[in-house]
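Good morning, and thank you for coming. Please take a moment to look at the sequence and the structure before I begin.

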Amino acid sequence: MPVQIWNSKPTSLFSARKKQNRKHSSVLRQLKIKALDAAQPFDYEFKKNEDLDKNFVLKIGIVGFGNFGQFLAKTLVKQGHTVLAHSRTDHGEIAKKMGVSFFKDADDFCEEHPEVILLCSSIIATESVLRSFPTQRLKRNTLFADVLSVKEFPRNLFLQVLPPEFDILCTHPMFGPESGKAGWSGLPFVYEKVRVGKGARAERCYRFLNIFAKEGCRMVEMSCAEHDRHAAESQFITHTVGRMLAKLNLESTPINTKGYETLLRIVENTSGDSFDLYYGLFMYNKNATEQLERLERAFDALKKQLVGQLHQILRKQLFEGSSSVQSSQNISALADMQNSHPSGNSSGEQKIKELTDVVKEVK
């Protein structure tokens, strides 16, 4: 059979060897093609890369197809993974537009046997979702992963509820639809391999983590306990401050400073999340209570420092402006008043009111 070289005439694999008398010999030799400048219709290297990509494709089932589940699904589909979704709310039309197969019934969803179950439910709904999930319909070596903002809670829950044959991977993409809308490059992705088998199961875990690595995430392997300690100091405090500022109804002004614009961005980033998320950060992270108490103590200490500074100014002004015995007594009362209220035992507003009353008496 002749071999077709791209954009050229057919060439036989064999040709007759000519003798010096130019007569054809019956001895045939095989032609060896050493180099081709033109592209071939069958590209071996492309085929190998294509096969490699197929080996990295996963069948991923998302449980909880709300805002965050949909946010992750876009990238999963873009990378070529097969994505299934299940949620109590019918998101069938949205899923169809995204190229995701949606299943309202959890049994039908599990019958598709996804390799990875990605739990994207809210923190407060996670336990009820997992305990009612028909895990018996899944393959016995399925990988379970979560994306909750707290980690010790789902880790302990997975170990308690899931069969011992299932693999467990706890993860936290430390970004969301707002902070990750321009891409995930450089954003932290925290994970702990809680229980992952060897061989093909370890390879599957690697392929799942590679989804985020390919997008440029900064991959951070960390225990769930350590994650929660750091998250309470960073994420919970950020959400708390953002929600406090939101209560002030802050607005942009014609003379915004860079610092004020930063505060407005904090409000924007945190107010877009549901209160259930914030409550979950508090309720399901044992370190959050301590951070809230520290925040209260810090605020009281700051108010005390402000009032104390005001004492000094008033003491100087009143002393220079009056020499009466009554003024001296009022000044002493003003100084003693602050000392009689330990930090946290009375509000800053009450202290300021008392100060105002003393100043009025002196005047």
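I shall start at the surface. Five residues, I124, F275, Y279, F282 and M283, make up a nonpolar patch there. Taken together, they have about 460 Å² of accessible area. Please keep in mind that this is a predicted model.

Let us take one member of the patch, F282. This residue sits in helix 10, which covers residues 275–283. Is F282 buried, partly exposed or exposed? It counts as partly exposed, because its relative accessibility is 30%, and the partly exposed class lies between 20% and 50%.

I now turn to the empty space. Rolling a probe the size of a water molecule over the atoms shows where empty space is left. How much space lies in the largest pocket? The value is about 1500 Å³. Its lining consists of 47 residues, and those nearest the centre are F68, S149, P177, D273 and L277. Several elements give two or more residues to this lining: helix 2 (67–78), strand 8 (167–173), helix 8 (224–247), helix 9 (258–271) and helix 10. Helix 10 is also the place of F282, the patch residue I described a moment ago. As for the chemical classes, the lining of the largest pocket has 23 polar, 19 nonpolar and 5 charged residues.

The second largest pocket holds about 160 Å³ of space. Its lining is made of M244, L292, L295, E296 and F299. Which helix gives the most to this lining? It is helix 11, residues 288–321, with 4 residues. By class, the lining of the second largest pocket has 4 nonpolar residues, 1 charged residue and no polar ones.

My last topic is the salt bridges. The structure holds 12 of them, and I shall describe several.

The first example joins the side chains of R140 and E165, with a distance of 3.3 Å from N to O. This pair links distant parts of the chain, 25 residues apart. R140 lies in the loop between helix 5 (126–131) and strand 7 (143–146), whereas E165 lies in the loop between helix 6 (152–161) and strand 8. R140 is partly exposed, since its relative accessible area is 42%. E165 is partly exposed as well, with 34%.

The next example is the salt bridge between R204 and D167, whose closest N and O atoms are 3.0 Å apart. Here too the pair links distant parts of the chain: R204 is in helix 7 (residues 200–214) and D167 is in strand 8, 37 residues apart. Are these two residues buried or exposed? R204 has a relative accessible area of 6% and is therefore buried, as buried means under 20%. D167 is at 0% relative accessibility, so it counts as buried too.

A further salt bridge is formed by the side chains of K181 and E178, at 2.9 Å from N to O. K181 counts as exposed because its relative accessibility is 62%, and the cut-off for exposed is over 50%. E178, at 35%, counts as partly exposed. In addition, salt bridges that share partners join D107, E111 and R137 into one network.

To close, I invite you to find the nonpolar patch of I124, F275, Y279, F282 and M283 on the structure once more. Then please locate R204 and D167, the buried partners of a salt bridge. Thank you for your attention.

Note on methods
Residues numbered from 1 in each chain as written. Predicted model: local features only at pLDDT ≥ 70, side-chain atom pairs only at ≥ 80, totals over all residues. Heavy atoms only, no water. Patch = residues over 30% accessible without salt bridge, like charges linked within 9 Å, V, L, I, M, F, W, Y side chains within 5 Å. Areas by Shrake-Rupley, 256 points an atom, 1.4 Å probe, with all protein chains shown as cover. Salt bridge = Lys/Arg side-chain N within 4 Å of Asp/Glu carboxyl O. Buried < 20%, exposed > 50% of the residue type's maximum accessible area, 1.4 Å probe, protein only. 1 Å grid on protein atoms, 1.4 Å probe; cavity = no way out; pocket = protein on both sides within 12 Å on 5 of 7 lines; lining within 4 Å. Points joined across faces, edges and corners; volume = space filled by probe spheres on them. Nonpolar A, V, L, I, M, F, W, Y, C, P; charged D, E, K, R; others polar.
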